[in-house]
Amino acid sequence: MTNYPLGREATFAGDDVVIEPTARDGGEVHTSGSVLRLLWHTFRENKLALTGVISVVVIALFCFVGPLFYVTDQIHSNLLNVNLAPSRAHLLGTDDNGFDVLGRLMVGGQSSIEVGLAVACIATSLGVIWGSISGFFGGFVDAVMMRIVDVMLAIPVVFLFVFLASIFKPTLLMLIIVLGLLSWLSPARLVRGETLSLRTREYVQAAKTMGGGSTRAIFRHIIPNAVGTIIVNATFQVADAILVLATLSFLGFGLAPPAATWGGMLSNGTNYIFDGYWWQIYPAGLMIVLTVLSFNFIGDGLRDSFEVRLQRR
Amino acid sequence: MTGFVVRRLLQAVVVVIGVTLVTFLLQHLIPGSLARAIMGNHATSAQIKAFNNEYGLSRPLPVQYWDFLKQLCQGNLGYSFKQSRSVDSLVSQYLPRDIFLVGTSLFLALLVAIPAGIAQAVKRNRLLDYSGTTVAFLLYSMPTYWLGLILISVFGITLPWFPVSAPQNPTFFGILSDPRALVLPIATLTLVSYALFSRYMRSSAIDSLTQDYIRTAYAKGLPRSWVLRRHLLRNSLVSIVTLVGLSLPSLLTAGLIVEYVFNFQGLGLVYYNAALTSDYPVELGITVLVGVATVVGNLLADIGYAMLDPRVRYRSVA
């Protein structure tokens, strides 16, 4: 649910969804080796995912390395150079503060990618822990933990954030933390669903019989075996976070100037939509679409490989 | 079946109470209190105190929460001091417009997405499927507002076919006064929802196509169109019921953004303006309303699903 972020997990009839786990079955999974091997196989087989990865790398290079070669001043506005059309001096023109649009795309992309990755890390870690505990213990614990998720899912992220932003002035760190704290719900539900089926497996029972504690069962058996679902969802989380950030910036609740974001650039450009300043509307939007699309490609490709039967798409 | 409904109903009640609790606590996150937000920086502490006493804000939090709940039960969502009118009156003025906007778009999106998804599933991995997937992927990865901006810039400015803002008459029938102005907002929302539903419909139909009942139907010698319409479509419709219920928060969010982009006077825009002017009671009232709507949407979706698909009922008993 996320959504704007259109929440990605759908459940059928309440919570009684059991997702068939198809990541490696059995025994303790030694995480790093097998996951990396899995990823390697995936990308070798799957052209779509590979396209996504290459495109993400190119975008990251553009945003983080680009400014070293295309040097522009993105801090001081220059009122003599406002709204210039693209020319040799400004390849994509300038905006209403005289900032070079191409340079701003790079700087704006940095915050988008940083927020996307950080939010996905926070949300996934929280969601995995919450979901696996809830699913593993079941019963009353599960009921309480899942009702908390339901409550938070009921209030759309953008609504909640608009409310919070009307009280606090957002900084990069605050954006990351708040979005992270609001986005762990869909991984929590997915991992719970998977845990429900994993916990009945023989190897989990065997670990219990041999005197292994719950913590061991969850961290050594359940989570590693749910890793397919987790990685796929984390990839979608990055895409979603970038979209939410863009939406919030567009609504004027993103980072304050002179910090640049793609959404913020679009928000500025909207004022000139009647003047035909296309370079203030299309490039930033295209960057958002490209980035989100790439992460979605990766997620979709990974899911096909893991054959994780998510309920959506 | 009754057991299932009762159990889901109880869950929904618990969640609704949770939503009101969260909203209530949000109200108390406001720095410098509601009184300060309303009376401004020049109010003396005596005036603040008087305000708090008058509106019961100096009482203990649990008492205030109980009162808040009682008010909600009576259908009282709060009072906007900034606009000098009750939140209820705002809701009753603007909510029908939202229902019209979101409802029409949802209907149109489903009307296109269901056949498109099934066609893609049947022609899997052919040109039709690839083009459909590309379109859905693009729309899905696009910020709602950017889609709106593109439509404005192409169909409102370059080709001046449609007005760039929604009908401005603030009454319900006012939106119908200028149907042409509705085209772009509804188109934006429809396209966004289409992306979501068609992807889902495709994978759900692909799943169904491998099921035994489809093979049986073919084995009986039924023509393909009959199998698709009577067996595949019907079974896929069942799962789309759930999806519609679950996507309510996304639809409402997309609605808020579309209202902002096209200046469509609806609850989303009211909410946005309330956030800009620190009109907290309006924000809280609408948040509760959205939360409750989502819970009820999910509840209806689950019950609808259980009614349409007997397997769910049996599974929930087990």
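Student: Which residues does A:V151 touch, not counting residues up to four places away in sequence?

Tutor: This is a predicted model, and in it A:V151 touches B:V15, B:G18, B:V19 and B:V22. A:V151 itself lies in helix α5 of chain A, residues 139-154.

Student: Is A:V151 buried or exposed?

Tutor: The general idea is to count neighbours: a residue is buried if 20 or more other C-beta atoms lie within 10 Å of its own. A:V151 has 21 other C-beta atoms within 10 Å, so A:V151 is buried.

Student: How many helices and strands does each chain have?

Tutor: Chain A has 13 helices and 0 strands, and its pattern along the sequence is therefore written with α alone, as α-α-α-α-α-α-α-α-α-α-α-α-α. Chain B comes to 14 helices and 2 strands.

Student: What share of each chain is buried?

Tutor: In chain A, buried residues make up 54% of the 313 residues. In chain B they make up 42% of the 318 residues. The C-alpha atoms of chain B fill a box of roughly 85 × 60 × 30 Å along the principal axes. Of the contacts in chain B with a separation of 6 or more, 71% are between residues 24 or more positions apart.

Student: How should I read a single helix, say α6 of chain B?

Tutor: Start with length, then look at its sides. Helix α6(B) covers residues 127-140, which is 14 residues. From first C-alpha to last it reaches 20 Å, close to the 20 Å expected at 1.5 Å a residue.

Student: Which residues of α6(B) are buried?

Tutor: B:G132, B:A136, B:F137 and B:Y140 are buried. These residues cover an arc of only 130 degrees around the axis, so they fall on the same side of α6(B). On the other side, B:L127, B:S131 and B:T134 are exposed.

Student: What describes two packed helices?

Tutor: Two packed helices are described by the angle between their axes and the distance between the axes. Take α7 of chain B, residues 144-158, with α11(B): their axes come within 9 Å and cross at roughly 35 degrees. The crossing is right-handed. On the α7(B) side the contact is made by B:T144, B:Y145, B:G148 and B:L149. The α11(B) side supplies B:A254, B:I257, B:V258, B:V261 and B:F262.

Student: What follows α11 in chain B, and where is B:N263?

Tutor: B:N263 lies in the loop between α11 (248-262) and α12 (267-276) of chain B. Its phi is near 50 degrees, a positive value in a residue other than glycine. B:N263 has 13 other C-beta atoms within 10 Å, so it counts as partly exposed.

Student: What is the mean pLDDT of chain A?

Tutor: The mean pLDDT of chain A is 77, and 84% of its residues reach 70 or more. Among the elements of chain A, helix α1 (residues 31-45) has the lowest mean, 65, and helix α4 (residues 101-137) the highest, 88.

Student: Where in chain A does pLDDT stay under 50?

Tutor: It stays under 50 over residues 1-32, for which the model has 109 contacts beyond four places in sequence. Residues 308-313 of chain A are also below 50, and that stretch has 20 contacts in the model beyond near neighbours in sequence. Where pLDDT is low, the predicted coordinates should not be read in detail.

Methods. Residues numbered from 1 in each chain as written. Chains lettered and ligands numbered in written order. Predicted model: local features only at pLDDT ≥ 70, side-chain atom pairs only at ≥ 80, totals over all residues. Helix = DSSP H or I, 4+ residues; strand = E, 2+ residues; numbered from the N terminus. Expected span 1.5 Å × (residues − 1). Buried ≥ 20, exposed ≤ 12 C-beta atoms within 10 Å, placed from the backbone. Arc of directions from axis to C-beta. Contact = placed C-beta atoms within 7 Å. pLDDT = per-residue confidence, 0-100. Axes fitted to C-alpha atoms, helices over the stretch in contact; angles between N-to-C directions. Left-handed = near helix turned anticlockwise from the far one by under 90°.
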